[in-house]
Amino acid sequence: MQKSLLILTGHSKGLGRAILDTYLKKDEFEIVGISRTILGLEDSKLSEISIDFGDLDVLENKLSDLFPAGDFKEVILINNAGWIGEIKAVGSLQVRMMRENVNINLLAPMYLTNAFVAAYKDLDAKKIICNISSGAASKPMEGWSKYCSTKAAIAMFTKVAAKENTNSQFRFFSVAPGIVDTEMQHEIRLADGLDFPEIERFKTYKENGDLSTPESVAAKISYLLQNENEFKEVIQDVRDFDLP
Ligand SMILES: NC(=O)c1ccc[n+]([C@@H]2O[C@H](COP(=O)([O-])OP(=O)(O)OC[C@H]3O[C@@H](n4cnc5c(N)ncnc54)[C@H](OP(=O)(O)O)[C@@H]3O)[C@@H](O)[C@H]2O)c1
């Protein structure tokens with residue numbers, strides 16, 4: 001059987017863990033999972049690499065080792081790792097945390113997208129880059145300046161890469177996953193209401209059971225990546241389509 005390859009960041013929990021579980025069920029996939037945490041799952045299809053994207057020197061030094069060569073019929077990169085960061089107004093942000101937030105949400109997926117395209121440009125295969133963005137990319141939220149701006153920037157980076165590759169086998173998507181019941185949402189609900197005036201809305205989502213499960217969102221992302229020709233635009237929001 002000709003193999004497929006998935007490189008997935010932020011595989012250790014939340015949405016990434018649900019995406020990992022979805023692809024572990026697909027026999028043809030080899031998976032490289034990259035997070036700080038190693039899960040240690042007993043599954044020969046998964047290789048795990050621990051990298052802290054807060055420190056880009058480490059990622060830069062390991063970049064050339066992350067993209068295995070092979071006669072793959074399909075290669076997919078999902079840049080899913082992300083961090084809401086410190087929820088504070090501009091003027092009260094800590095410089096070190098600003099740098100870390102930009103490293104994790106923007107520069108790490110930019111490095112990985114660039115290296116993925118370089119590694120697989122000559123491979124005759126289906127090739128997809130899926131950068132997980134957010135509705136916050138186009139909606140300013142008080143206290144979320146770093147998160148909103150890094151998510152907007154990765155969406156634009158993805159659109160430019162797509163434009164450059166109109167006549168190639170690469171497809172690029174920037175996908176908003178909706179509001180998903182993960183640790184990130186828990187972190188958001190712990191913010192100070194003075195820094196984050198919309199906090200009550202987010203608490204109500206949880207109380208009312210309005211959050212999507214990571215599994216349901218992972219199923220939609222998997223559908224999108226398997227049926228990429230049904231999705232013409234680079235910018236996608238999983239809330240805009242239902243599974244057949
Ligand atoms: N949850 C939502 O409502 C929501 C809404 C819109 C967009 N998103 C986006 O969806 C993606 C997944 O979010 P989630 O809700 O699943 O978040 P999560 O539960 O907090 O998981 C984040 C993942 O990113 C990894 N990660 C975080 N910091 C990292 C670092 N410094 N280096 C390497 N890996 C790191 C984590 O692994 P380790 O801790 O093991 O490193 C974890 O696997 C993110 O890009 C997020 O911005 C989420």
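# Exercises on a predicted model

Lysine 203 counts as partly exposed, at 29% relative accessibility. Here buried means under 20% relative accessible area, exposed means over 50%, and partly exposed lies in between (1.4 Å probe, protein chains only). The structure is a predicted model, in which local features need pLDDT of at least 70 and side-chain atom pairs count only at pLDDT 80 or more, while totals for chains, interfaces and linings use all residues. Residues are numbered from 1 along each chain as its sequence is written, and side-chain values use heavy atoms, with hydrogens and water left out.

**Exercise A: a pair within one helix**

Task: state which salt bridge joins lysine 203 and glutamate 200, and how the two residues are placed in helix H6.

Solution. Begin with the criterion: a salt bridge is a side-chain nitrogen of Lys or Arg within 4 Å of a carboxyl oxygen of Asp or Glu. Next, take the distance: the side chains of lysine 203 and glutamate 200 meet at 4.0 Å, N to O. Finally, consider the helix; helices (H or I, at least four residues) and strands (E, at least two) are DSSP runs, numbered from the N terminus. Because lysine 203 and glutamate 200 are 3 residues apart in helix H6, about one helical turn separates them.

**Exercise B: a pair across the chain**

Task: describe where lysine 88 and aspartate 195 lie, and whether each is buried or partly exposed.

Solution. First, the contact: a salt bridge of 3.2 Å, N to O, joins the side chains of lysine 88 and aspartate 195. Then, the location: this pair links distant parts of the chain, 107 residues apart, with lysine 88 in the loop between E4 and H3 and aspartate 195 in the loop between helix H5 (183–189) and helix H6 (199–207). Last, the exposure: lysine 88 is partly exposed at 29% relative accessibility, whereas aspartate 195 is buried at 18%.

**Exercise C: further salt bridges**

Task: characterise the bridge between arginine 239 and aspartate 237, then name the network of shared partners.

Solution. In total the structure holds 12 salt bridges. In the one between arginine 239 and aspartate 237, the closest N and O atoms are 2.9 Å apart. Arginine 239 is partly exposed, with a relative accessible area of 48%, and aspartate 237 is buried, with 16%. Separately, Glu74, Lys126 and Glu228 are joined into one network by salt bridges that share partners.

**Exercise D: the nonpolar core**

Task: identify the residues that touch the most other members of the largest nonpolar core, and the element with the largest share of this core.

Solution. Such a core is a set of buried Ala, Val, Leu, Ile, Met, Phe, Trp, Tyr and Cys residues joined through side-chain atoms within 4.5 Å. The largest one has 30 residues, and Ile7, Phe53, Leu59, Phe67, Phe116 and Tyr120 touch the most other members. Elements giving two or more residues to this core include strand E1 (4–9), strand E4 (74–79), helix H3 (95–120) and helix H4 (145–164). H3 provides the largest share, 7 residues.

**Exercise E: two buried residues**

Task: locate isoleucine 154 and leucine 93, and give a C-alpha separation for each.

Solution. Isoleucine 154 belongs to helix H4 and is buried, with a relative accessible area of 1%. Its C-alpha lies 7.4 Å from that of methionine 110, although the two residues are 44 residues apart in sequence. Leucine 93 sits in the loop between E4 and H3 and is buried at 17% relative accessibility. Between the C-alpha atoms of leucine 93 and glycine 143, 50 residues apart along the chain, the separation is 9.5 Å.
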